[in-house]
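Trainee: Please take a close look at the aromatic pairs in this structure. I would like one connected account of them.

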Amino acid sequence: LFAAPARALAADTIVLNDGTKIEGTITDEKPGFVWITIKFGEMKKPRLVNRADIKEIVREKPAEGAASSTGGATPSSVTSKGEDEKRPAINTGATRVAVISQEEMVGPFMNAEAFKYAVELIPKDQKPDIVVMRINSGGGALLEVPKLVDLIQKDLKPNYRVVAWIESAISAAAMTAMNIEEIYFMKRGHIGGAVAFSMSGGKATAMKDEGLEMVLKLGEHIAKNGRYDPLVIRAMQEFMPLSANIDADGRVTWQADEKGQFLVNRKDRILTLHADDALKFKISKGTADSLPELMSLMGVQE
């Protein structure tokens, strides 16, 4: 799914590096990619094109102030410096929260560059107190995870209270979310299944030996960032047993066997936690299906 901006553009042509021409209507542009809708008779099909593959963008009728090629084109939704300086500061005393969606495949869609760009679109006088990453992704490129980790640790946490709101966080999306100490789930929410695969001979195979060790080390680093027991993330990465104990004070401890008070994962399974279990074992801070419910759980009064 994608949303076209209110402004309508005339027919556009994207010329790829290999000379291929894609004709249609550009509906959205980001630093790393361009959306173009191609029309086939009465049918319309959106297509994502990476900027690295684009040689030139030719617009039949460029939008006011827009460039006709990729160098120096500025999305119309970006607030100019002059506009930002003229706008009076907003100070209502309320908590300002930005909810930014991270959806679809990690890499092409859910990526550090696009998320950072989204945060930068917020005018300076409307800087939020809290940034919520609303995650709905089945995973994707493992290579994007360290970039997302750096974004969360170096750019977001020092400046905002960072929250993850999980609808679906699988594989690389799960590893991204687990960097965040404050996680909430939707009722149907789930997280886990972070097995790393590599391509060989056109086939995807689970990483092993040195490759697996590298990914497990990344998992340990992520656990430290999010203040979770590393056993939880490891059980999402490889087959292993996992059980938990909950003491009288509600404190949860983990062990890599099936002998704990609660069996969380069998030795022949890869861990995926659903909303109820995530809450029970203190991975989740609460369950909310709507923004008002989420704000209430977060303690946001206004």
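Mentor: What follows deals with the aromatic rings and their surroundings.

This is a predicted model, in which local features need pLDDT of at least 70 and side-chain atom pairs count only at pLDDT 80 or more, while totals for chains, interfaces and linings use all residues. Residues are numbered from 1 along each chain as its sequence is written, and side-chain values use heavy atoms, with hydrogens and water left out.

Searching the whole structure gives 2 aromatic pairs. Rings of Phe, Tyr and Trp (its six-membered ring) pair if their centres lie within 6.5 Å; planes under 30 degrees apart count as stacked, over 60 as edge-to-face and the rest as tilted.

Trp 254 and Phe 281 make a tilted pair, 5.6 Å centre to centre with 55° between the planes. Trp 254 belongs to strand E14 (residues 252-255) and Phe 281 to the loop between helix H7 (275-280) and helix H8 (291-298), so this pair ties together parts that are 27 residues apart in sequence. Helices (H or I, at least four residues) and strands (E, at least two) are DSSP runs, numbered from the N terminus.

Phe 281 is buried at 5% relative accessibility, and Trp 254 is buried at 14%. Buried means under 20% relative accessible area, exposed over 50%, and partly exposed in between (1.4 Å probe, protein chains only).

Phe 281 also pairs edge-to-face with Phe 262, at 5.8 Å centre to centre and 70° between the planes. Phe 262 lies in strand E15 (residues 262-265), 19 residues from Phe 281, and is partly exposed at 23%. Trp 254, Phe 262 and Phe 281 thus form one aromatic cluster.
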